[in-house]
Amino acid sequence: MREMSAAMARRAALAAQGLASPHTVTERGASTRAVQKVIEKNRLLQIDSVSVLVRAHYAPVFSRVGKYDRAVIDTAAWTDTTRRPRKLVEYWAHEAALIPVEDWPLMRWRTELYRDGRWGGAKSVVERNPALIGDVLDVITDGGPSSAGDIERALEVERPGRKGPWWDRSDIKIIAEQLFAAGVVSVATRTGFVRHYDLSERVIPPEILGQRVDEADAVRSLVAQSAAALGIGTEPDLRDYYRLSQKQTKAAIVDLVEGGVLEPVAVRGWSTPAYLHADARIPRSATGASLLCPFDPMIFFRPRVERIFDFHYRIEIYTPQHKRVHGYYVFPFLLDGDLVARVDLKRDSVRSELRVLGAFVEGDRDARTIAAALAPVLVEMAEWLELESVVVGERGDLVSALASVL
């Protein structure tokens, strides 16, 4: 078995994610093709409702290509015309995510697993109202893309009051989500962050919808895609990318090793075996500067982040404010192949400001060096978000150096 250093493994991982070299900044921003290449590499963009800065599915592309037109992703995901056929579709991949539409058949086994919904609540709703699934489908069939609110109004259902601090889900929303998880309906478009459901046969192209891939073959393809996107990874890494089971992943790895797609390698300092994708590139160095969203594929599996970068990272959105260490929505800062700082960011649209609420040096690194590299990334982010200025707050041991540079 080949042995490699942890530094080589880190560079392979960064190269696979398109984060091993600096992007070229242009006045007009990155091209549509550059955005498409990011999606082709990563195979998914995780969706999340947090909008304190920018929706999560937009941020990883910025991290890799710099400022770009977010409408490119909107068009790919939620526009479907003869001239511009749909390129992305929404489904449960690594949590809710946008995936290439051609990958939808690889998720069919999961739609069957979720035929009664992802959670137990849908079953009790159906037991209380057996006709509700049919009623919801009738509204969508007749009316086209419909939000849960649209369906409630069509069925003249009074929406219940808020039931808790996070969720406000009617029976109709539960059923719509069950049908989405089961693959009966898909997300045709979004308004704001609201899903508009339509029949999958009207969202997924017929030549793709009609494909049948059995579970073993589909999982094998998903693990191969995970490995290509990660460059190198342990079995848990490969499993987490599409939230597979250990049993599924282990069987797929055996087949992929036999087929020459994966090579078992020993990484010095890693406690578990690793697998290197056959096409993985190991550059001699990793350069460039990027801010990574909490839901970025490079860092969304926290044990991998700690193993590769020796960087302990937890999102603090759900931590009470007085107990937060670094902030609400913290972006790790990647500089020349290392995670060197943490930056708590917020968009203030009223004041047209990108607000750096806090900035923290990781370890004993030099704050001035980090600030000099971070400042232009923040300026570019502000331009991308159409904000007029970057304003630095007072929290953290990096803010003084950063403010002086900006």
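Begin by selecting α3 (59–65) together with β10, since each of these elements supplies at least two residues of the lining of the largest cavity, and keep in mind throughout the tour that this is a predicted model.

With those two elements shown, add the full lining of the largest cavity, which consists of G18, L19, S21, P22, H23, S63, R64, T287, G288, A289, S290 and L334. The space they enclose has a volume of about 60 Å³, and the lining residues divide into four nonpolar, seven polar and one charged.

Next, stay with β10 and follow it into its sheet, where five strands are arranged in the order β10-β11-β12-β13-β14, forming an open sheet with mixed pairing. Because β10 (289–291) and β14 (389–395) stand at the edges and have a single partner strand each, one side of each is left without a neighbour in the sheet. From one strand to the next, the twist averages 30°. Now select β11 (residues 330–335), which pairs with β10 in the antiparallel sense over three bridges, and look for L291, which stands opposite F333 in β11.

For the last stop, turn to the second largest cavity, one of two cavities of 30 Å³ or more that a search of the whole structure finds. About 40 Å³ of space lies there, and the residues to select around it are L230, D237, D240, Y241, P297, M298, I299, F300, F301, R304 and V305. Two elements, α12 (235–241) and α14 (302–309), give two or more residues to this lining, with α12 giving the most, at three residues. By class, the lining of this second largest cavity has eight nonpolar residues, three charged residues and no polar ones.

Notes: Residues numbered from 1 in each chain as written. Predicted model: local features only at pLDDT ≥ 70, side-chain atom pairs only at ≥ 80, totals over all residues. Heavy atoms only, no water. Pairing = 2+ DSSP bridges. Helix = DSSP H or I, 4+ residues; strand = E, 2+ residues; numbered from the N terminus. Axes fitted to C-alpha atoms, helices over the stretch in contact; angles between N-to-C directions. 1 Å grid on protein atoms, 1.4 Å probe; cavity = no way out; pocket = protein on both sides within 12 Å on 5 of 7 lines; lining within 4 Å. Points joined across faces, edges and corners; volume = space filled by probe spheres on them. Nonpolar A, V, L, I, M, F, W, Y, C, P; charged D, E, K, R; others polar.
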